[in-house]
Amino acid sequence: MKILGIDPGLRVTGFGVIEKQGTRLAYIASGTIRTADSDLPQRLKTIISGVAEVIQVYAPDCAAIEKVFVNVNPQSTLLLGQARGAAICGLVQANLHVSEYTALQVKQAVVGTGRAQKQQVQDMVKRLLSLSGLPGTDAADALGVAICHAHGGDAMKALQAHAPAMGRKGLRMRGGRLVG
């Protein structure tokens with residue numbers, strides 16, 4: 001199964017493609033989609049087009065994207081949300097199933113702690129995918145999202161499927177942890 005991970009950003013959107021074969025993960029590609037300093041609609045178009053190009057080149061089976069965090073600056077949060085929305089539009093336009101993960105969940109899955117620094121994420125992505133060098137921060141974050149989905153996506157779906165049999169309405173994530 002090929003997984004496309006997306007780390008959304010208005011200036012730079014990271015992408016990473018990995019393949020999961022059983023429990024083994026293999027690196028396929030990673031990079032960034034950069035937008036020019038232009039008006040917002042043009043930047044969003046660049047993100048949608050860039051995501052479409054990545055999908056066309058690497059033909060992923062599914063996608064995962066990082067959820068927006070609430071920033072101190074509401075304007076920045078709004079702009080990031082619009083960039084994320086553009087990336088999601090590109091993914092669903094290609095009929096990909098899209099899973100969403102918080103930064104805390106990604107760091108927990110990749111490094112083992114939700115409070116990991118960017119350098120730690122880069123180091124662990126390099127190790128987990130047997131890369132010869134460190135990926136850039138945006139590409140590393142996107143690869144981390146894909147790794148998070150590869151490690152946790154199936155388990156989350158299985159737990160949620162069994163929740164009704166356990167007498168619960170369903171399970172959800174809170175603070176990076178599974179709760180009933």
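Student: Where does Ala59 lie?

Tutor: This is a predicted model. In it, Ala59 lies in the loop between helix H1 (40–58) and strand S4 (62–66).

Student: What is the phi of Ala59?

Tutor: Start with the general idea. Most residues other than glycine have a negative phi. Now the case here. Ala59 has a phi near 45 degrees, a positive value in a residue other than glycine.

Student: Which other residue has a positive phi although it is not a glycine?

Tutor: Look at Ser130. Its phi is positive, about 55 degrees. Ser130 sits in the loop between helix H4 (118–128) and helix H5 (137–162).

Student: How do I read exposure? Is Ser130 buried or exposed?

Tutor: Use the relative accessible area. Exposed means over 50%, and buried means under 20%. Ser130 has 65%, so Ser130 is exposed.

Student: What is the relative accessible area of Ala59?

Tutor: For Ala59 the value is 45%. That lies between the two cut-offs, so Ala59 is partly exposed.

Student: Now a strand. Where is Glu19?

Tutor: Glu19 belongs to strand S2, which covers residues 12–21. Its relative accessible area is 25%, so Glu19 is partly exposed.

Student: Which residues is Glu19 in contact with, leaving aside neighbours within four places in sequence?

Tutor: Glu19 is in contact with Met1, Lys2, Arg24, Leu25, Ala26 and Ile28.

Student: How far apart are Glu19 and Ala146?

Tutor: Give two answers, one for sequence and one for space. In sequence, Glu19 and Ala146 are 127 residues apart. In space, their C-alpha atoms are 9.2 Å apart.

Definitions and conventions. Residues are numbered from 1 along each chain as its sequence is written. This is a predicted model: local features need pLDDT of at least 70, side-chain atom pairs count only at pLDDT 80 or more; totals for chains, interfaces and linings use all residues. Side-chain values use heavy atoms; hydrogens and water are left out. Helices (H or I, at least four residues) and strands (E, at least two) are DSSP runs, numbered from the N terminus. Buried means under 20% relative accessible area, exposed over 50%, partly exposed in between (1.4 Å probe, protein chains only). Contact means heavy atoms within 4.5 Å.
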